[in-house]
Each structure stands twice: as structure tokens, then as C-alpha cells.
Amino acid sequence: MVEIGKIVLDSGWLAARSTEVQLTGTQLTTTHPPTGPTSPWMEAVVPGTVLATLVKNKAAADPFYGLENEMIIDIADSGRDYYTFWFFTKFQCKLSGTQHLDLNFRAINYSAEVYLNGHQKVLPKGMFRRHSLAVTDILNPDGENLLAVLVHPPDHPGTIPPEGGQGGDHEIGKDVATQYVEGWDWIAPVRDRNTGIWDEVSISVTGPVKIIDPHLVSSFFDHYTRVYLHATTELENRSAWVADCSLNIQVTTELEGSVCLMEHLQTQHVSIPPGARIQYTFPQIFFYKPNLWWPNGMGKQSLYNVSITVDVKGYGESDRWGHLFGFRKIESLIDSATGGRLFKVNGQPIFIRGGNWILSDCLLRLSKERYKTDIKFHADMNLNMIRCWGGGLAERPEFYHYCDVYGLLVWQEFWITGDVDGRGIPVSNPNGPLDHDLFMLCARDTVKLLRNHPSLALWVGGNEQVPPDDINTALKNDLKLHPFFENHSANATSVEEMSMAFKDPSQYLDGTRVYIQGSLWDGFANGEGDFTDGPYEIQNPEDFFKDDYYEYGFNPEVGSVGMPVAATIRATMPPEGWQIPLFKKLPNGYTEEVPNPVWEYHKYIPYSKPGKVHDQIELYGIPKDLDEFCLKAQLVNYIQYRALLEGWSSRMWSKYTGVLIWKTQNPWSGLRGQFYDYLLDQTAGFYGCRCAAEPIHVQLNLATYFIEVVNTKSEELSNVAIEASVWDLEGACPYYKVFDKLSLPPKKVVSISEMKYPKSKSSKPVYFLLLKLYHVSDYSIISRNFYWLHLSGGDYKLLEPYRNKRIPLKITSKTFIKGFSYEIEMNVKNKSKKPDPKILTYKNNFVGGDDDNDFDMTSLEPIHHETEEKEKAGLFQRLCRQFSRETDSLRVAEINGSDVGVAFFLNFSVHASKRDHKEGEDTRILPVHYSDNYFSLVPGEEMTIKISFQVPRGVTPRVTLKGWNYHQGGHTVL
């Protein structure tokens, strides 16, 4: 008997263009199966797209590199048959007489015919729907099964106009599919329109009774001390007799290590008629003060393992289902003070600082490993919300799993955009997709797929557009809130009272999250659908703090620059793409950047806005080459995004309820709107964002020059102080002041004092400002913020000769290794001067947060397959216990120098040690998680940076340090 459960079919696939295969699906899965990757067959990428398979086999150019996307034939020119592909694999499965097998496709694009052992089944149209095929009766008796899938592209792939545009000619909007594939202002067209088996394929073995789409909901009473778990599931009896079932629901939580604590176990008896499909609701399960799930920065992401099993009398276990579940209540309303949409989690207002997300990879090579990195990066930046934009995907369960683990609230949009669905140029598809019933089928199925994730915060009908009236009405009805979850209806005092008044909340399709009809409506932007989001270009940093910068309470999209590091440019472009922009002086005194054609193709956003914003790179002096350009771009990236978030945070609750940055990353090698590039290397904007979005943060208001503290937490902070020190380019400290005896109320912004230094007669034209918020009792740092500033009307050109200063550093490292996972502590000390005796915070001993994500235990060996991702980093001592090997004692590296001053803009990178290293070769090991990077140290100051990464087999890593004063090739420090 085969074990009950799921087997994922993610290897051993072959693919071939349909026009090159002269066999039928029946022949392929009976008498003439392909024997291997011999023409026309090739190794396939599943999950992935046809184009992903072609690129893997070098049968198509690399669309990420240079202008090579122009070498790939577009489906508009080739016709749909060119991208219609066969996919083939084999699997072993030999059932016992009473078992059943389903063949599952979690998503395909756009339709397909499936052949299994010579038998045909059809997968109907729609990119966002699951398909489950009962195939028990067509399995081969010997257990070897042959599977072939003929996948067809979207029906309306469209044509790309010469000028490009948002969504090409908009024809893709006639289908229920992702819309970005015809190109946007941040991506080139995807030539196959994402045709393929783009999500998980699996087989699942059950007994006579199958569990289908359980729904878990929690309700809360008495200030979250009495909590109930509600659960409803569908059950299907596939047998020809009445199934007498024992239905079990079990709730466990994992303690330290691999120890599980059983919280609840409940067994119910139910009889199911032959061939029937029923809905069963469990009696609610009571919890007293369970650990709650909180968004990133507000508390721990406590998760419980809920499992449901069904045992059939005379058979035994028939099916099982499991899901990590977080107890949390999400509320959403329009804030009366600001007009912006306000989110509450577990009764606490959450100031939203998040980002817009398209998808991880435009060839849909989606993996748990990449999703984990993507989402952890967002948590590392201290963000608390991700918006899944309507022109992209309904994101996958693995994406949501890591949002659950790392505490990212998710705004999930359906597949409508203003550009493609009625508001674009030219106007097309005003009635949305052609098949409205198909849209709703996909929407309902998506809700069932994702609704049990605590991170999922709201559903939105579309991007900058509402769905057609009938779809919008259907979504409003299907996603209406259960009365208990309406803001004005939380007056039931007991679960019994709620049960008497209303049906069980787990019987709703969702019922726990608000549905908003569009991204510019009902508390977002001006709330009325006008194009009042943005802007999407470089800004003067001080403008973000001004009263007239943005008028409305919640901005769902505001974007800016995103130049990556030079190594990424060299890795993704040929030498002609290494030419930096021409800095063209205009008569009005502004500078226009003229980029090379490769940068233009990759959607480069300039660092100037003639007539409004002087070139922010030029403030440091016109760069001479690519390395200098990218380094100065990182300085601007840091300032730009820190100022953006600090400006919004400065008016937390008084003017704003939230902001979402457009956007956090690129699914392609684009040159705009990103905190990390497609290769997973962070820009300095990543760390500017990480700094500004701290839950408790000290900052300088760049418009008023007042020091402020932002406390987004629910607790008052008392007995704290702020240390403000100014450092000049000679290494002197002309200004030092401590603001002590401070108390910071919860969820408030407190203005502390004006920085008078810039107004003094002896102020320098360029200077550094270091702010530290710390506990008076032990000098532990709560928030540290380092600025480089110039006087009003000035620039940073004096920093150019400062590059020649040689500031001595001492780097002490300690390394922990387990398998291919490395965790390194780097203590960096500026040795140019001994610490001033009055400065007692020079060691930068930071306060630990709710969850120290810098050392990520999920990179280590899993302890339990269902809960491995809950093993997040705790105290550093815990990490030491977990790692199997510690390297020999401490290692010390010294960078010599005789100058005194700030060690400016230091950044680590990790590389593969290679003896046969070729010039220009990209040796970076990516991704790497840094507790901080692009940091600066004043004389005598030291700071510990935590670095974690995994290395490929057989590779020895080396760690390199570069900086403004350390730019000659970098220094290997480990």
C-alpha cells in the first residue's frame, strides 16, 4: 500500500515544441515515450515557463542580459504555436485496491491537454486556478506511469507597439492571466507571455474519503484572553458504500528544539453517503491566552500547527491535511483624522511602511529558496506590508508561508489594472476579461488556496481600476465580512452568542478580511479613484518632510531610483552597457542624464529631474567610470529612501496612516525602483530603508532640522536619552550634546530639539551627524542613525578629496559553520582616535528585538518538516549551540592608515575564492544577509555586523570590505 499523502513532481521533466513532435499524446504516453533530452526534446523547467526551458537549454537568448531579449521572437510575430509545448515525465505509483490517486496542477498558463497512459483529460483555461484530476482508473498496473501535457499560450497574447507602453496593446487583458507580460515601464515584454506549467505538479494518494480545502478562522473575546479556533472542511466519499469516519483536528506548537506541545486534539464522528461531497464544521476549539501572531516589528510571529485527519472504519487513515496557523485579528477602516486606511492587528494600530511587489522571477522559476530570501529581505528592511500588484500574480502558498514566518502583511490584488482594463492609452477592455465567470472561478479558487495564512491582510479588486460591475459586485458579496469581523459589530461577548446570531465564520469563503474595490479607492490615495499615487522619480530628500509633499493619508505607490552595484551591471550587460550616462548641462542650470541604449532598454531612471531636482549624483562630483557612478548612486539611494520613509514616519497618525514604495525589487534585470537586484544583491537603499523603518527610530527632520523620535510600538519608552554628535572632515567633533531624561509615549512622534549646528558661524560646508537613542541604565542602543549633510544650497563635492584619507580599521571576526551555511560576526573598529571618555555608546551594543532575524536558523538543517521555518534566530548563544563547528578562535584583520576621521560608507561583500579568477568575472556569493551594510564609524567607534549565507559545494568564501576611503579593489578581511 502506498503511503497517504502528496508527492511533488518537480524533476525529470522533458519538453519539446509541439510543431516538432510528430506524435499524439496517446502515443507519447504508451508506445513512443521520449527517452531523454535528445532533439526535439530538452530538459524542462517545471515549475517554470516555456521561455525558462528554452533559456536553460540555450535554445533562446538570455532575456536578462543586455539587449538579448530583442533576439527572442515575440509570440505576436511567431504565432501561438511557436510557444505551444509538450511537457513529459514519468512517475511511479502502484495503489492498493481501495486507494485513490489525484494528479494535481496548482496552476498552468493558459490551457492544456493532459495525457496519462494514453488517456486524455483537459485542463480548461485560466492562469489562476487549480486542477485536480482523478486518475485512479487509468494508472498502469506495473506502477510506471507516463504523463504528457500539451500547454497552450494565452488566447490573446497581444502585440507590442513600437513605443512599448504599459501592457503593450492591452490584448492580454481579455484573458484571466498576468498582464505585465506585454511590457511595462519597468520591464521589457516577456516573449512567451509566461506560457507553461508555472506552479507545482503533484500526485496525492488518499483512501476512500478525501479532505478538500479546510478553512481555519479564529475569534477573540475578553481582550484576546479567550480565543476560539473555528474549522470547516469539505469531505468527499469516493467509495460505493457509506463511509463511517473519525474526523480528527489536532493543534500543536513547537517548543525549543524538536519538542512539540499538544494544545488540542478533538475527534468527531461523521457518516458520508457513497459518492457524496459534504461540508463539515467542527465544534469550536477553546484556547486561553494563546500566543498571538504579530506583524514584523510589533511582536513575535507565533504559529501553531493545525492538522486534520480522517480515518474510515474498516480502512484506517484515509487522508491528512496540515497548515501553520496564526491567531490574529485584522481590522481595517478609514481613519477619521487622516482620511487614510488604517489597519489594526490584535487591536493595535499598525503604521504601514511597505512595498509593492510584482513577482520573484519573470520566467516564473519560483522556488522556496528564492521566496525565503525575498521575504526575509523585506523583513530585514523592517517593512511590514507587501502589496501584490494586480498586473502580477496571485502569489503562491510558499510566498505566503514566508510572509507568515517573517511577519509581512500582504495586500493581494486580483488581475485588473487601469492601464489594461479601461484606463490606459489606448483605452481597451473597459469590461475587463472576456469571460467574467472564469475570472470569478479563478478568484474563488485563489481565496480558498490562500485564506488560512495569517499574513494575508486584505483583498483588492484591481490596480488603479475597479473590476467590471458584475465582477466587483460578485467579489463584494463573496468576500463580505462575517458580522463578527465588521468594525462596528464586535459586540458579541461570547462564542455562544456569536454562534446563535450568525453562522460559523469558517463557513464563509473568507469573511475575515476586508475587500477594497481598487487601489485608489476607500482610504487609499484620494479614495475616489483619481490618479493620486506616485510620484515615481528622484526627489529632493528634504521635500519628503514638507507639509505639501503628499496630500492624502495612505499612498499605495511612491517610487524612485534603483541603480544596482557595478558588479551587477557587468554581470548583466556587455561592455557597451558599462558606459555611464552623459551629464548634459541645460541652460536652466539643471543636468540631464543621457543613458546608453542598454540602460534605456533596462528602464533606467535618472538621478535628476531638470527643473525640479538637481542631479543627486553630481552633488558628489561627476563620476569618471562605472564603479564611481554606482558607488555615488548608492550614496543617493541610501539618502533617498531613508528620507522617503522618515518623511512619512514624521507625520505618523497626524497626516499619514501608511505608505507603500514602488517597488522593492525587480523580476528582471531592470534599473529602477528596487532595494535589491534580480541577482539578489542589495543596494544601499535597502539599508536606508532598514534604518528608517525601525520600530523605534531617531531621525533628523530634513525640512526643520529638528531631532525626532518615532515610536511605533504599543509601549511607552522611558529613561532613555539621545546623543547627537557632529563630525567634520578633519575628524574633529565640534558639536556634542545629550538629550536625557526622555520618555517616549507609544505610537507617537516626539520632536526633541532643533539641531543648531548648521546655523553656527563655524559650521562646515560638509559634515557628519550621528544620532543615537539609548537606554540610560546600560547605554544599550535602541536606534542609531548616521547622516552626511551639506549646508543649504551646497553639495558634497568636498567628500571627493576625503576619499584619499586613510582611516585605520581593525576587523575582528568569528565564524560558525554548519554544512554549507556560514554565520559570521564582524566587529569593525575605527582606530583613528581613542574613544572620547564622555561618549559612552561607542561600542554600539544594540538592544535585541522581538526576533533577531540577522542570524536565520531556517538556513540550517530542518528539525521537523512542517515547522522548520519557525526555527528563526533567537539569541546569539542559541545560534552557537546549533552550529556544529566553530572556526579557530578570533581572526583579526587590520587596515592601516594614519589619518583621523570618519570611516565612511563601509560595505561588506562575500566572494568565492578562486585561483583562476578572470578579470571582470562576477565572484559574488549571493544572496547574503547582513545585519547592516553601507555603514560609517566615527573615530573610536566600533560596531558588530552579522553576516549569513550559504556557499555552493566546493567553494571557499572570502569576505571583502570596501568603503569611501577603501576603494582600491577592496580589502579581504576573512
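Here is a chat between a student and a tutor about what this predicted model shows and how its labels are earned.

Student: What should I know about this model before I start?

Tutor: It is predicted, so local features need pLDDT of at least 70 and side-chain atom pairs count only at pLDDT 80 or more, while totals for chains, interfaces and linings use all residues. Residues are numbered from 1 along each chain as its sequence is written, and side-chain values use heavy atoms, with hydrogens and water left out.

Student: Why is D543 called buried?

Tutor: Buried means under 20% relative accessible area, exposed means over 50%, and partly exposed is in between (1.4 Å probe, protein chains only). D543 has 13%, so it falls under the 20% limit and counts as buried.

Student: And what makes K546 partly exposed?

Tutor: K546 has 36% relative accessibility, which lies between 20% and 50%, so partly exposed is the right label.

Student: How do you know that D543 and K546 form a salt bridge?

Tutor: The term asks for a side-chain nitrogen of Lys or Arg within 4 Å of a carboxyl oxygen of Asp or Glu. In this pair the closest N and O atoms are 3.1 Å apart, so the pair is within the 4 Å limit. A search of the whole structure finds 44 salt bridges.

Student: What makes D795 and K797 another such pair?

Tutor: Their N to O distance is 3.4 Å, so it too is within 4 Å. D795 is partly exposed at 28%, and K797 is partly exposed at 40%.

Student: Which parts does the salt bridge of K632 and E800 tie together?

Tutor: Those side chains meet at 3.2 Å, N to O. K632 lies in helix α11 and E800 in helix α13 (residues 799-802), so the pair ties together parts that are 168 residues apart in sequence. Helices here are DSSP runs of H or I with at least four residues, strands are E runs of at least two, and both are numbered from the N terminus. K632 is buried at 1%, whereas E800 is partly exposed at 24%.

Student: Which residues are linked in a network of salt bridges?

Tutor: That network links K6, R106, D199, E200, R396 and E398.

Student: What makes something a nonpolar core, and which residues touch the most other members of the largest one?

Tutor: A nonpolar core is a set of buried Ala, Val, Leu, Ile, Met, Phe, Trp, Tyr and Cys residues joined through side-chain atoms within 4.5 Å. The largest one here has 291 residues, and Y180, W788, L799, F904, F908 and I947 touch the most other members. Helix α11 (residues 626-650) gives the most to this core, with 14 residues. A second, separate core has 11 residues, including A16, W41, W86 and A148.

Student: What does Y180 touch?

Tutor: Leaving out residues up to four places away in sequence, its contacts include W186, I187, V190, L359 and W389. Contact means heavy atoms within 4.5 Å.

Student: Why is strand β10 described as largely enclosed?

Tutor: In β10 (residues 201-206), 6 of the 6 residues are buried, so the rest of the structure largely encloses it. V201, I203 and V205 point one way and S202, S204 and T206 the other way, and all are buried.

Student: How do you know that β10 pairs with strands β1 and β5?

Tutor: Two strands pair if DSSP finds at least two bridges between them. Strand β1 (residues 5-8) has 4 bridges to β10, and strand β5 (residues 100-105) has 6, so both meet the rule of at least two. Both pairings are antiparallel. G5 stands opposite V205, and D102 has S204 as its bridge partner.

Student: What about strand β46, how covered is it and what does it pair with?

Tutor: Strand β46 (residues 957-963) is mostly covered, with 5 of its 7 residues buried. Strand β42 (residues 903-912) pairs with β46 in the antiparallel sense over 6 bridges, and V910 has V959 as its partner there. Strand β47 (residues 966-972) pairs with β46 over 3 bridges, again antiparallel, and a hairpin joins the two through 2 residues.

Student: Which strands are the edges of the open sheet β14-β13-β17-β18?

Tutor: The edge strands are β14 (260-272) and β18 (316-325), as each pairs on one side only.
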